[in-house]
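Me: Please examine one part of this protein closely, beginning with a single residue and its setting. Then relate that view to other local features of the chain in one connected account.

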Amino acid sequence: MNIFDSKNRSQLLAGIIQEEYDLLVIGGGATGAGIALDAASRGMKTLLVEKGDFASGTSSKSTKLIHGGLRYLKQFEIALVREVGRERAVVHKLAPHLVVNEKMLLPLIKDGTYGKMMTALGLMVYDVLAGVESEDQRVMLSKKETIKQEPLLKEDILEGSGLYAEYRTDDARLSIEVMKTAATYGAHCLNYVEVRDFVYTDERVSGALCHDYLSGQDLSLKAKQVVSAAGPWVDELRAKNDSLEGKHLFLSKGVHIVLPHERFPLRQSVYFDMPDGRMVFAIPRGKITYVGTTDTQYFGDKNNPRTNIEDVEYLLHGTNLIFPNLALSLADVQSSWAGLRPLIHEEGKSASEISRKDEIFISPTDLISIAGGKLTGYRKMAERVVDVVAKRLDKKYDLKFKKCFTQEIVIKGGGFNNSAAVIAFSEQLAQTLAKYAIDPYQARYLVHNYGQQTTEIMKIFEQMEQKDTEGLALAELEFTLKNEMVHTAMDFFSRRTGRIYFDIQSIRELQESVLSKLKAYFAWDEERFTAEKAEVERSVFEASNFPPRHETENIPSL
Ligand code: FAD
């Protein structure tokens, strides 16, 4: 049975409640996905449950970089930079269509924080720590070369720049593909199932009481070991387990704004200083350029962090200082997203000073929680957690499992020899689509999102009567229904396709046909259909309209 086929859900659910799993993972973000793959591939009987859609938490709201975190060098986080820096090349190799090379330009600004020498030294250390191949190592550019590389930069404030290697991804797609890969090793994964409490046997956690939002059922799940990878919700689950003591989470909100490429025609990703010394990225991607991120302590609803007008003004102001000819304004911002970093509180430190290191907590009743960390480090974080789980299962149940080998497991859609093979595949697809007068953008979009699986989408498309861009999107929808557990319109428009961020206009154009197809596929009644339509409209509105911060957050007075 293909467990990721939306129509197999009831059958999957019926089996799940009968089983006792070796491991129950709570949370279907990048961390939980990584743990599910690591555990299942070592031979553990693994179940993952996610209260919303997969990757609906932080793992669809990041800067979408697989990066070593250059700025953490400033904080002397050498071990962190070394680990995530090295992971970049590993994850790129496992999914070169989804984790793509992205050169980053670091402009040197007159009277800026760091001079040429310090920057050159910093970038050299970064390359060495991350073990970057010689052909990919940083180069320092003169003022003239910098302007050639990115003509939008303000020439008179420039002294030169550093150009160094990073990678770009789609965080939600990466999380989902890792989960689908876990399923090929026998893991079971379910979205829309929330853990509401724990079950105990002899004062040890032995399962979880859950609610399934789609069927309305309450479920009792059994597992020898439970791991919480609940991101910003980790402390809530620790509280349910009566183990919220000592270290706790500090939530920091990060916002990105999206501008149409015509208004911000950036050629080259740029990492630049804001007036307050923070650094932000401007990243061109298909039809848009996005800018982010902010870093502010968060006091609102964890399920729906919003982009506020203050966030937008901050990012626009800093961007206009370095790209003044653009004169960007609020009217240019077409979409946005806001995510929460689940950081581990450190007394006296501000949001941007707190370490991004991950940490494992083990409660007296054996609940394992993992918090902190980076998307980039998901595989190594998973390895550490599953090592702990394997040791405990061995000690308590005499169960033996393999060692971690996820560095060799190709992620679904991967299987390309290198980036050149991805480009060749995309160009070939563009030629096929040209026969139907479909823009080559769609070929790049599909190949970067689905990799080799694009062939399956094309098979569906070939059988359809409607041979245009809308038909192609409907073929994509059918693929995600059958292979990616799509249950709502926003599952498709947000976590599967990223359209809400990178192509919001396409939602306005496709909304009717996508909703009609979903209605027919799931036999929705009018009430469900109307609710889904309202949810799409709300999501589009919230991504592109910005209330003041005090309306969305309960900021404590000092
Ligand atoms: P999440 O993605 O939040 O997943 C936790 C999941 O648990 C959620 O989906 C939630 O719904 C689910 N859950 C919670 N409670 C329950 C429950 N009771 N039952 C079932 N499910 C539950 N990292 C990088 O490497 N590169 C970047 O460019 C980058 N940029 C970032 C920019 C921003 C603005 C932010 C906020 C973070 C960024 N990060 C980046 C960090 C990275 O995004 C996170 O470290 C990572 O996504 C966290 O993943 P996670 O799985 O731990 O948490």
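Reply: In this predicted model, Ala-430 is buried, with a relative accessible area of 18%. The assignment follows because the cut-off for a buried residue is a relative accessible area under 20%, and the value for Ala-430 is 18%. The residue belongs to helix H10, which spans residues 419-434. Leaving aside residues up to four places away in sequence, Ala-430 touches Pro-440 and Ala-443. The first-named of these contacts can also be followed along the backbone: Pro-440 is ten residues from Ala-430 along the chain, and their C-alpha atoms are separated by 4.9 Å.

A second buried residue, Arg-306, is placed in a loop, between strand E15 (296-297) and helix H8 (309-322). Arg-306 counts as buried because its relative accessibility is 14%. The side chain of Arg-306 reaches the backbone oxygen of Asn-545 at a distance of 3.1 Å. Asn-545 also appears among the residues that Arg-306 touches, the others being Lys-253, Asp-311, Ala-338, Glu-542, Pro-547 and Thr-552; residues up to four places away in sequence are not counted.

Strand E15 also borders another loop, the one that runs from strand E14 (288-292) and holds Thr-293. The peptide bond from Gly-292 to Thr-293 is cis, with omega near 20°.

Strand E18, residues 368-372, offers a view of a covered element: five of its five residues are buried. Two pairings involve this strand. With strand E17 (residues 358-362), E18 pairs in the antiparallel sense over five bridges. With strand E10 (residues 218-228), the pairing is in the parallel sense and comprises two bridges. Ser-369 takes part in both: it is the bridge partner of Phe-361 and also of Ser-228. In a regular strand the side chains alternate between the two faces of the sheet. Between E17 and E18 the hairpin has five residues, and Asp-366 there takes a positive phi near 75°.

Positive phi values are also found in two further loops. Lys-64 is not a glycine, yet its phi is about 65°. This lysine sits in the loop between strand E2 (46-49) and strand E3 (65-66). Lys-64 counts as buried because its relative accessibility is 1%. Glu-203, also a residue other than glycine, has phi near 60°, and its loop joins strand E8 (193-201) and strand E9 (204-212). Its side of the comparison is the opposite one: Glu-203 counts as exposed because its relative accessibility is 66%.

To finish at the surface, Tyr-114, Met-118, Leu-121, Met-124, Val-125 and Val-128 form a nonpolar patch with about 520 Å² of accessible area together. Met-124, one of these residues, has its place in helix H4, residues 116-130. Met-124 counts as partly exposed because its relative accessibility is 36%. Thus the account that began with Ala-430, a buried residue of relative accessible area 18%, closes with Met-124, which is partly exposed.

Note on methods:
Residues numbered from 1 in each chain as written. Predicted model: local features only at pLDDT ≥ 70, side-chain atom pairs only at ≥ 80, totals over all residues. Heavy atoms only, no water. Buried < 20%, exposed > 50% of the residue type's maximum accessible area, 1.4 Å probe, protein only. Helix = DSSP H or I, 4+ residues; strand = E, 2+ residues; numbered from the N terminus. Pairing = 2+ DSSP bridges. Polar contact = N/O pair within 3.5 Å; in protein donor to acceptor, adjacent residues only side chain to side chain. Contact = heavy atoms within 4.5 Å. Patch = residues over 30% accessible without salt bridge, like charges linked within 9 Å, V, L, I, M, F, W, Y side chains within 5 Å. Areas by Shrake-Rupley, 256 points an atom, 1.4 Å probe, with all protein chains shown as cover. Salt bridge = Lys/Arg side-chain N within 4 Å of Asp/Glu carboxyl O.
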